[in-house]
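Biologist: Hey, got a minute to walk me through this one? Pull it up and let's chat.

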Amino acid sequence: MKKMTIIGCLLIMATTAFAQPGWVKNASKSVFTLKTFSADGSLIASTNGFFTGTNGEAVSSFSPFKGASKAVIIDSQGKEFQVTGILGANDMYDVVKFRVNNSKCQPLTVSSVIGSVGSQAWLLPYHETKELRAGSIKRAETIFDDYAYYTVSMSIADNMVSCPLMNESGDVLGMMQQPATDKDTLSYAISARFVNDLKITGLTYNDATLQLTQIKKELPADLKEANLVLYLAASQMDSLSYINLIEDFIRQFPGEPDGYTARAIQAVNGGKFAAAEKDMEQAINVSNKKDDAHYSYARMIYNKEIYQSAQPYAGWSLDKALSEIQTANSINSQPTYRQLEANILYAQKKYDEAYQIFNELTNTSLRNAEIFYSAAKCKEMLKDTTSMLALLDSTLNMFSKPYLKEAAPYLWARAEARSNAGKYRDAISDMNEYEELMQATVNDNFYYVRYQTDIKGRLYQQALNDINRAIQMNPQETLYYAEKASLEIRVGKYDDAILTAQDCINLDASNSDGYLFLGLAQCLKGQKAEGIKNLQKAKELGDTQADALIEKYK
C-alpha cells in the first residue's frame, strides 16, 4: 500500500511538471525581489519585478519607491544588484521602469500584441519552485489608445504583486497589480508593454510623480530631450544636483559639446577658470558645429571679463574673446555672432568699429530695438549727439503705440539723452509715457528726477506736483522738502515755503537746508529779523550759501 502511494505521488508530480509550459524554467530567471530603503537605511517595502531589457532595464510597482533613497533587487540566484536610476513612472497605475547594475540579466520578451479575451494566461512567481497559476483573460480594456488593462480569472496573494502575466508562448502580457482582497477570484494586470514604454522626457524630468522618490532619475536616451532637461534643470535644481546631472550627461553623451559647456559655466560661476577653459576646449574639439562652440566660448570669456573682472585669469581677456568670436564668424558668419563681436569691441572702447557692426546688423534679420540702442550708445561715446538721438528715435520706432512694457527701458534712455541735450520737454514726454507703462513700479526717485527735468523745462506746476508725489512716497527724505521749499520760493509762494522748510527742520534739525530756506522765505516776506536768525543757524550748521544771504538782507 505504501509503495502504491509513493508511485501515485510520483505520477502526480510528473503530471504537474508536464503541465507546466516549457518556457517556465528560463523565464523564472527574469523575476526578482525588489527592496526599497529610506535615507536612514530602514526598509520601506518589498515586492516583485522582472527584467525587460538586456542593459539592466526592469519594471515593478512604483509605490515602494516613494520616499526611497535606495533600492536593490535580489535575482533568482540570490544575487543582489543596486537600482541605479529611474527610467519612467506612472503613479496612476502604480508602475515604474528602472535600471539595475546587472549587465548579464535575462529579460522577458514583452508581447507586442494584446492578449485575446478567453485565452490562457499564467502568473510567473519569483522562483520557479513556487506555484505557477493559470487562468483565462476575461477582459482586455484599452488604455492610452494602444495598451491593455487585463482582468484575469485567478486569485493571487499579496506577495505576487508585480509578477509577470505570461501568454502560452512565454511572452509577458502584463504586470500583476494589487488585488482587492486575498479571496478575490479575479486579478488584474497592467500591460507590460505600457510599463516597458515608460520614459522620461525633457518636460517630465521634474514632474510631481518622479519627485516622489529620491532615487536618481536617468536622462532621456534621446539627445534632444536630454538637452532640454539640461537647459530646464539649470534654473530648477540646486547647484549640487545640477552638477551631478551634468556629469551624467557627459557620461551618456561624451561626444556632445553641451555637457562640457554646462560644466564650464558652473566652473566659471565658482571662479575655476582653468577648469572652464579645459572644458570649453573639449567642447570645441567634439562639436560638429565648430562655429557654435567658438561662439559659446567667446560669450563665456566676454561675460567673465565684464561681470567678474575682479577675478583675473591670465588665459582669458577681451582679446581672447574677440579672437574666438572672429573664428566663429570665419566658419559661419551669423548676425548673433556679429552682435557679440560688436559688444566685445564696445567693451574694448573701440566704439567706431563696434558702431559699424551694429549699423550693419540693422539691415539683417536681427534688426531690433536692442541693435539700434547699441548703435546709439556707440555714438554717445563718440560724442555725436545728433546721431545718438536719431538712433534712439529708431530704437523706439521698433515698437508700435500704445507701447508695451518692453519699450520702457528705451523710453527712459531716450528721456535721459534728451534731457542731457537740453530737450527738456521732449524728455518729460518720454518720462510721462514711461510712468504710464511702469506706474506699478515707479518710485520716489522717478518723481524726483522728473521734478528736476520739469524745473529745467520751466514747468513749475508739474514740478510741484512731482516733488509732492516724491514726498508722499518717501516722507522721511529731507532733500525733497528742501527742493520743494526752494521751488516755492522761486515761484513766490513764501508762506508755503515757510511751512515746507519747517517740515524739513522737524524731520532733521541738524540739516542746514531747512533753516536756509526758512530764513530766505522769511526775508523775502519781510520778516528779516527772524529770517536772518534762521540764516545764521544754517551758517552754523555749515551751509556756505548762508553768508551771502545774510549780507544781502541784514
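Modeller: Sure. Ala276 touches Ala264, Ala267, Val268, Met300 and Trp316, leaving out residues up to four places away in sequence; a contact means heavy atoms within 4.5 Å.

Biologist: Before we go on, what kind of model is this?

Modeller: This is a predicted model, where local features need pLDDT of at least 70 and side-chain atom pairs count only at pLDDT 80 or more, while totals for chains, interfaces and linings use all residues. Residues are numbered from 1 along each chain as its sequence is written, and side-chain values use heavy atoms, with hydrogens and water left out.

Biologist: Okay, is Ala276 buried or exposed?

Modeller: Buried, with a relative accessible area of 0%. Buried means under 20%, exposed over 50%, and partly exposed in between, using a 1.4 Å probe and protein chains only.

Biologist: And which helix is Ala276 found in?

Modeller: Helix α7, residues 273-286. Helices are DSSP runs of H or I with at least four residues, numbered from the N terminus.

Biologist: New topic: which residues of α21 are buried?

Modeller: Gly531, Ile532, Asn534, Leu535 and Ala538. They cover an arc of only 165° around the axis, so they sit on the same side of α21; the arc is taken from the directions from the helix axis to the C-beta atoms.

Biologist: What covers those buried residues?

Modeller: The cover includes α20 (512-525) and α22 (546-553).

Biologist: Which exposed residues are on the face turned away?

Modeller: On that face, α21 carries Ala529, Lys533 and Glu540.

Conventions:
Helices (H or I, at least four residues) and strands (E, at least two) are DSSP runs, numbered from the N terminus.
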